Amino acid sequence: MSDPGGDDTDLPTARIEQFLRTERPETPFVVIDLDVVRTRYEQFLAALPGVAVFYAVKANPAPPILELLVELGASFDAASPAEIEACLTAGADPARISYGNTIKKERWIAEAYNKGVRNFAIDSAAELDKVARVAPGATVCCRILFDGAGSDWPLSRKFGCELPLAGRLLLDAASAGLGVGISFHVGSQQRDVQAWSRALERVADCYVMLRTHGVEPAIINIGGGFPGQYVESAPAISSYGPAIIDALRHHLGPDLPFVIAEPGRYLVADAGLLRTEVVLVARKSDEPDEPRWVYLDVGVFGGLGETMAEAIRYRFRTPRRGASGPVVLAGPTCDSADVMYEHSGYRMPTTLAAGDLVDVLSAGAYTTTYATAGFNGFDPPAVYYLP
C-alpha cells in the first residue's frame, strides 16, 4: 500500500480478490462487485430513514448498476438525455427520475417531459422559462449556491444561485403553475457531517419565505457528497444520517416535505478496483532525494480525472514490500497534464519496476465515465461486473 495510507476496511472484497487471482485481463481494467453497491444502498436507507434515494447516475451509469438499483427500489438523478434513456432502459419509472442538471437545451427538457419526467433543476430565470414553456405542471427545484467547504471536490460557482434570486424564481415558478422545491449540494466527498446543517440553515430562510407567501415547497433536495474510502478518512454513513435528520428537523420543523438525497460516490466508489501496470520508473535527476517518476498505463485521461489538482487521493496497492520512497505518479499519454500526483506525498516501494501490477482502490465512481474515447490511441479501461 502506498503512503499516505487510509482505512481499507474489507476492501477489496473477497470476490474481487478471487477475480484477480483467476482472471488475467489486459490492463488497465476495472472490476466492480455489485454486492458492495447493494450493501451501500441498504446502509444508506438505514442511516437516513424517510429520505428518498435518487442515485447520481453520473457516478457510474453502467447498465448492471442501474438495473440493480431499479430492483432495489431506487430513484435516479440524471444529468443528460442519454442518462435518462439509460435509466428508462434499465426499467426505471420516469416519474422517479429527476433531471438534475441546471443546464439543458429546451428540446431536452421537452423530450424528458414527454417521456414522463416531471422533476427539473433550475438556477436561473432563463432555465425556469424553458421549463415553464415545455413542461407544464412539472416541479422545479432551484439550486442555491453553497461553498462546499469540507469537501475534496467542491461543486460551487458553476451551479446554484444566490438565496434572494432563488426565492424570486420559485415564487415565479409557482405563479406559472409549477411545483417548487429547493436543492443544494455540499460538495463531493464531503467529510464534514455538519455541512448539511450549514446549508439547511440557508435553505430555511427561503423555505419560510415561500410558505409565508402561500407556496408550499414540494421537495427538499439535500444533494450528494457522501464519501468513499480514499487516503483521508471519512466518517461512516451512520454518522451522517443522524446529523442530517436532526438538521432537517431543526431548520425546517417536524412536518417535512418530500426529502431526497443524491448519493453517487458512496454507492459505487468502494465497489470498484482499477488494475494498472507500471510502464516505466524513471529518475529526472541524480539527486538521491528527488522523487522517482512512476508512469502507469492509466492516467488522467484514462479514468483518473478526479486526480485533477490532486483533489481525490486514491489509495494504491503494489505487490512489492520493503523500503519506500517518494514518487510522482503519471499516466502514459504524451501530454504534460497527465500527472496524477506530484505534491500529495505519495510513496511506493523502491523496488517497484516496469511490469508490476498496481491496484487503485475505491475506483468504482467517476473512473470509467471520465475516461476519454481514445486520447493518444489509448483505450479506456475495460470493465467487469461481479453480479
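S362 is found in the loop between strand 18 (357–361) and strand 19 (382–386). In this predicted model, S362 has a positive phi of about 50°, although the residue is not a glycine. S362 is also buried, with a relative accessible area of 2%. The points below treat the backbone geometry, the nonpolar cores, two helix pairs and three polar residues.

**Backbone geometry**

- Most residues other than glycine have a negative phi, and most peptide bonds are trans.
- N376 is a further non-glycine residue with a positive phi, here of about 65°.
- The loop between strand 18 and strand 19 holds N376, just as that loop holds S362.
- Are S362 and N376 buried or exposed? S362 counts as buried because its relative accessible area of 2% falls under the 20% limit. N376, at 40%, is partly exposed, because that value lies between the limits of 20% and 50%.
- The peptide bond that joins T27 and P28 is cis, with omega at about -5°.
- P28 has its place in the loop between helix 1 (14–22) and strand 1 (29–33).

**Nonpolar cores**

- In soluble globular proteins, nonpolar side chains tend to be buried together.
- The largest nonpolar core in this model has 110 residues. The members that touch the most others are Y55, F76, F120, I220, I222, F226 and F316.
- Which helix gives the most to this core? Helix 8 (residues 195–212) does, with nine residues.
- I222 is in contact with L48, F184, W196, I244, L248, V259, I260 and A261, when residues up to four places away in sequence are not counted.
- Another core, of eight residues, lies apart from the largest one. Its members include F29, V31, L273 and L361.

**Helix 2 and helix 3**

- The axes of helix 2 (residues 34–47) and helix 3 (residues 63–72) come within 10 Å of each other and cross at roughly 35°.
- This crossing is right-handed.
- On the side of helix 2, the contact is formed by L34, V37, R38 and Y41. These residues meet P64, I65, L68, L69 and L72 in helix 3.
- By class, the residues of this contact are eight nonpolar, no polar and one charged.

**Helix 7 and helix 8**

- Helix 7 (residues 163–175) packs against helix 8 at an angle of about 35°, and their axes are 10 Å apart.
- The crossing of helix 7 and helix 8 is right-handed.
- L163, G167, L170 and L171 in helix 7 meet R202, D205, C206, M209 and L210 in helix 8.
- The contact of helix 7 with helix 8 divides into six nonpolar, one polar and two charged residues.
- Helix 8 thus takes part in this pair and also gives nine residues to the largest nonpolar core.

**D33 in strand 1**

- D33 lies in strand 1 and is buried, with a relative accessible area of 2%.
- A polar atom of the D33 side chain lies 3.0 Å from the backbone nitrogen of D35.
- Leaving aside neighbours within four places in sequence, D33 is in contact with T13, R15, I16, A271 and L386.

**D270 in the loop before strand 12**

- D270 is placed in the loop between helix 10 (265–268) and strand 12 (272–282).
- D270 is buried, with a relative accessible area of 5%.
- Apart from neighbours within four places in sequence, the contacts of D270 are L11, V36, R40, G228, Q229 and S362. One of these partners, S362, is the buried residue with a positive phi.

**N101 in the loop after strand 4**

- N101 lies in the loop between strand 4 (97–99) and helix 5 (106–114).
- N101 and A78 are 23 residues apart in sequence, and their C-alpha atoms are 7.3 Å apart in space.
- Not counting residues up to four places away in sequence, N101 touches A78, A79, A121 and F159.
- Where does the side chain of N101 reach a backbone oxygen? The partner is the backbone oxygen of A79, at 3.2 Å.
- A polar atom of the N101 side chain also lies 3.0 Å from the backbone nitrogen of I103.

Technical notes: Residues are numbered from 1 along each chain as its sequence is written. This is a predicted model: local features need pLDDT of at least 70, side-chain atom pairs count only at pLDDT 80 or more; totals for chains, interfaces and linings use all residues. Side-chain values use heavy atoms; hydrogens and water are left out. A nonpolar core is a set of buried Ala, Val, Leu, Ile, Met, Phe, Trp, Tyr and Cys residues joined through side-chain atoms within 4.5 Å. Buried means under 20% relative accessible area, exposed over 50%, partly exposed in between (1.4 Å probe, protein chains only). Helices (H or I, at least four residues) and strands (E, at least two) are DSSP runs, numbered from the N terminus. Contact means heavy atoms within 4.5 Å. A polar contact is a pair of N or O atoms within 3.5 Å; within protein, one must be able to donate a hydrogen and the other to accept it, and residues adjacent in sequence count only if both atoms are side-chain atoms. Axes are lines fitted to C-alpha atoms, for helices over the stretch in contact, and angles run from 0 to 180 degrees between N-to-C directions. A crossing is left-handed if the near helix is turned anticlockwise from the far one by less than a right angle, and right-handed if clockwise. Ala, Val, Leu, Ile, Met, Phe, Trp, Tyr, Cys and Pro count as nonpolar, Asp, Glu, Lys and Arg as charged, and the others, Gly among them, as polar.
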